[in-house]
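Student: I am new to this structure and would like to learn how to read it feature by feature. Could you take me through it slowly?

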Amino acid sequence: MKAVIPAAGLGTRFLPATKGTPKELLPVLSKPVIQYVVEEALEPEGVDEVVIVNSREKPQIESYFRVDGGFEDMLRKRGKKAEADLVHEASSMPVSFVYQDNPRGLGHAVYCAAEAVGDEPFFVLLGDYFVPDRQMCVRMAEVSKQHGNASVIAVAPVPADQVSRYGIIAGECVGSLDGTVATDEQEGAVWKVTGLVEKPALEDAPSHLFIVGRYLLSPRIMDLLANQGVGAGGEIQLTDAMERLLAEEDMYALVVDVDEGCDTGTPAAWAGVNARLALKDPATREAFLEALGRSGLPKAE
């Protein structure tokens, strides 16, 4: 079973930094964002490989996941065994690459991995959000197993005044994840999805649940993406193919706490994630507070 991580975007929100460094390699503490996502993707039972959909303009990502024996040997000779082990661990994970030479949307990016995925269900993890405890996809797999190996998406509630900014699911709550007591839009609730509505007006929104960026999809989605027409923004949209999938197969949604994960999609969000994790980790908390200055945060100018 494979997990797909689209990573061919230009990272324009982080320019000029991403002119030379792909946004996926920007660090959160001592690891790049994409390593956190890869580690999360490998957590569910049965996932044996991560397929990164890359751009040929970003060879640095492939270099990061390639074993560099000479560099590791140099570190060990200098007495930095722990550092060498960390480098080796990152570069020896089961990661492969396919290419999206012409960016045409998320649906097109996922389809670029069709041959690598084969005729098996697969995960899709968007690369600017990661879950530190790596359990979100594990729980999604449990929901899929409970419902005949159906496709499952992660969703989370959004305030009513923000539903027009997101893709919102339609459907009904049909239960909860084993071991939880949850209903409606509470964390742990399981919905049967009947539709996907892109950026609805509040009065037209069928729920307040938006897709978080974690998908467990039937292989049938690849057949549908093969002839999916252009949608919003002149791009091939994954949600359009998922709408078509609903006409053929059941699909479920697991309600999650979006704050369970870390959003690194903007410079401010990325900086906030670094701060949160630095404060949470005993190994970095005191040094971070010292570097920040115990007198408090600087005032905005």
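Tutor: Let us begin with a term: contact means heavy atoms within 4.5 Å. Please keep in mind throughout that this is a predicted model.

Student: With which residues is L125 in contact, leaving aside its neighbours within four places in sequence?

Tutor: Apart from those neighbours, L125 is in contact with A3, V4, I5 and P6, with V37, E40 and A41, and also with C137, G213 and R214.

Student: How many residues does the largest nonpolar core have, and which of them have the most contacts inside it?

Tutor: A nonpolar core is a set of buried residues of certain nonpolar types, joined through side-chain atoms within 4.5 Å. Here the largest such core has 46 residues, and L125 is one of those with the most contacts inside it, together with I34, V38, V50, I52, F65 and F130. Helix α1, which covers residues 33-41, gives the most to this core, contributing six residues. There is also a second, separate core of 36 residues, and V110, L196, M251 and A253 are included in it.

Student: Which residues of helix α7 are buried?

Tutor: A residue counts as buried when its relative accessible area is under 20%. In α7, residues 136-146, this applies to M136, C137, V138, R139, M140, V143 and S144. Just after α7 comes G148, which takes a positive phi of about 65°.

Student: Is Q237, in the loop between α8 and α9, buried or exposed?

Tutor: Q237 counts as buried because its relative accessibility is 18%. The loop that holds Q237 lies between α8 (220-226) and α9 (238-246). Leaving aside neighbours within four places in sequence, Q237 is in contact with G107, Q228, G231 and A232. By contrast, C112 has a relative accessible area of 21% and is therefore partly exposed, and C173, at 28%, also counts as partly exposed.

Student: How many disulfides does a search of the whole structure find?

Tutor: A disulfide is a pair of cysteine sulfur atoms within 2.5 Å, and the search finds zero of them.

Student: At what angle do the axes of helices α10 and α11 cross?

Tutor: Angles from 65 to 115 degrees count as roughly perpendicular. The axes of α10 (residues 267-280) and α11 (residues 282-292) come within 5 Å and cross at roughly 115°, so the two helices are roughly perpendicular to each other. On the α10 side the contact is made by A275, L277, A278, L279 and K280, and on the α11 side by P282, T284, R285, F288 and L289. These residues divide into seven nonpolar, one polar and two charged.

Technical notes
Residues are numbered from 1 along each chain as its sequence is written. This is a predicted model: local features need pLDDT of at least 70, side-chain atom pairs count only at pLDDT 80 or more; totals for chains, interfaces and linings use all residues. Side-chain values use heavy atoms; hydrogens and water are left out. Buried means under 20% relative accessible area, exposed over 50%, partly exposed in between (1.4 Å probe, protein chains only). Axes are lines fitted to C-alpha atoms, for helices over the stretch in contact, and angles run from 0 to 180 degrees between N-to-C directions. Helices (H or I, at least four residues) and strands (E, at least two) are DSSP runs, numbered from the N terminus. Angles under 35 degrees count as roughly parallel, over 145 as roughly antiparallel, 65 to 115 as roughly perpendicular and the rest as oblique. Ala, Val, Leu, Ile, Met, Phe, Trp, Tyr, Cys and Pro count as nonpolar, Asp, Glu, Lys and Arg as charged, and the others, Gly among them, as polar.
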